[in-house]
Amino acid sequence: MPAQACINAIGTAVPDHDIHHGFIAWAREQVTDSRARALFDRMAARSGIAHRWSVLPKDVSPVAPGGFYAGALPGTAARMALYAEHAPALAMAAIEDLAGRAGLSGITHLVVASCTGFVAPGIDQIIAARMGLPGSVERLLVGFMGCYAAVAALRSARHIVRSDPAARVLVVTVELSSLHLTDTPEIEALLAMLQFGDGAAAALVTAEQTGFAIDAPFAATLPESDALITWTIGDHGFAMHLSGEVPARIAHALADPALAETMTGGAPITDIDGWAVHAGGRSILDSVERGLGLAHDALSDSRAVLEAFGNMSSATLMFVLARMLEGPAVRSGVAMAFGPGLAAEGFAFRSAR
């Protein structure tokens, strides 16, 4: 029988520059139509986000004179140079936080998810070198999958442990979404950018029966939805398109009993006492709650992460799981994230015995 893989502990880290309100002040000035600006103000006030953090220098707002985005927007090369500098450092801060919660000796595998930048040698190699890991450690880099990349990373760690019970897998997610601001007057694009911040998380996955046991994974792609979430590399960063139709499509999909049964392994929704849902935005969480008919407080951990950090792409789900690890035991849980496709990916989990 395969070994049971468990998330033993999770460490997290964010930068110290809160850019949320500075971005709102800048973004509303991009909207010249007074009615459209009033709409932006209402949506910003209802976002459920109080803070978003950035690796960009703290001494000046990124959009103020002297800031990274002042004047002509920087090209993709300049943004990737900052990614190469700051992404490994933020990842190491999360690993340091994890090291205070679990022993990291004997790491055999390193799985890294990062969708907001590219560098070679890869960020996985940079992290391994900074940790002093031996060259024999097997590495896997999960890139450009978007917000559900953490699911792919943890799922891969589960497969590794199930095939090798002695494996000790370090899973790292690190995203620098604040490097991808684009200059646009379009409300939909500005509201999409309003969601995103920087963050990193690190988890230890082994066969040791502590933390959260990772049970069966699932994946589902909503039909005719591939244009609703896109992530395009351009000359001035990565341009995110997040259609306003996404929440309604998610709610409709989750109302399908077949998909709900896939997520829960056939268990009734009422039997699930732990929901770790990617905090992609207030409307996304509302749609999950509505589609599944959940209690008003079922997604409280996800909403708390959204309020404190915003959407950190792949790192967000790890922050939610980290928060839940500090809370009551979970008898039957579901972890879930959404991203380009439009796809929903996740896994069942429970507190380990």
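Which residue in E6 is the bridge partner of valine 112? I looked this up before anything else, and in this predicted model the partner in E6 turns out to be valine 172.

**Entry on strand E4**

I then followed the pairing outward from that bridge, and I noted that E4 and strand E6, which spans residues 169-176, pair in the parallel sense over five bridges. I turned next to strand E5, residues 138-143, and found that six bridges join E5 to E4, the two strands again running parallel. For valine 111 I recorded leucine 140 as the bridge partner in E5. Between E4 and E5 the chain passes through helix H4, residues 123-131, and I noted the hand of this β-α-β crossover as right-handed.

I wanted to know how E4 itself, residues 109-114, is covered, and I found that six of its six residues are buried. Side chains in a regular strand alternate between the two faces of the sheet, and I therefore listed the faces separately. On one side I have His109, Val111 and Ala113, on the other Leu110, Val112 and Ser114, and all of these are buried, which leaves both faces of E4 covered.

**Entry on backbone exceptions**

Most peptide bonds are trans, and most residues other than glycine have a negative phi, so I kept a list of the places that depart from this.

I noted a cis peptide bond from alanine 120 to proline 121, with omega near 0 degrees, and I placed proline 121 in the loop between E4 and H4. I noted another cis bond from glycine 341 to leucine 342, where omega is near -20 degrees; leucine 342 sits in the loop that links strand E12, residues 333-339, to strand E13, residues 343-351.

For positive phi I wrote down phenylalanine 144, which is not a glycine and yet has a phi of about 65 degrees, in the loop between E5 and helix H5, residues 149-163. I also wrote down serine 313, likewise not a glycine, with a positive phi of about 50 degrees, and I located serine 313 in the loop between helix H10, residues 300-309, and helix H11, residues 315-325.

Is serine 313 buried or exposed? I found a relative accessible area of 6%, so serine 313 is buried. Phenylalanine 144, in turn, has 28% relative accessibility and therefore counts as partly exposed.

**Entry on H10, H11 and the loop between them**

Two packed helices are described by the angle between their axes and the distance between the axes, and I looked up both values for this pair. H10 and H11 pack at an angle of about 120 degrees, and their axes are 9 Å apart. I entered H10 and H11 as oblique to each other, because angles of 65 to 115 degrees would count as roughly perpendicular and those over 145 as roughly antiparallel. The crossing of H10 and H11 is right-handed. For the residues that meet, I listed Asp301, Ser302, Ala304, Val305 and Phe309 from H10, and Thr316, Phe319, Val320, Arg323 and Met324 from H11.

I closed with serine 314, which also lies in the loop between H10 and H11. What does serine 314 contact, once its neighbours within four places in sequence are left aside? I recorded Ala113, Gly146, Cys147, Ala149, Ala150, Thr173 and Glu175. Serine 314 has a relative accessible area of 0% and is therefore buried. One of its contacts, Ala113, I had already entered as a buried residue of E4.

How values were computed:
Residues are numbered from 1 along each chain as its sequence is written. This is a predicted model: local features need pLDDT of at least 70, side-chain atom pairs count only at pLDDT 80 or more; totals for chains, interfaces and linings use all residues. Side-chain values use heavy atoms; hydrogens and water are left out. Buried means under 20% relative accessible area, exposed over 50%, partly exposed in between (1.4 Å probe, protein chains only). Helices (H or I, at least four residues) and strands (E, at least two) are DSSP runs, numbered from the N terminus. Two strands pair if DSSP finds at least two bridges between them. A crossover is right-handed if, with the strands pointing away from the viewer, the path from the first strand over the helix to the second runs clockwise. Axes are lines fitted to C-alpha atoms, for helices over the stretch in contact, and angles run from 0 to 180 degrees between N-to-C directions. Angles under 35 degrees count as roughly parallel, over 145 as roughly antiparallel, 65 to 115 as roughly perpendicular and the rest as oblique. A crossing is left-handed if the near helix is turned anticlockwise from the far one by less than a right angle, and right-handed if clockwise. Contact means heavy atoms within 4.5 Å.
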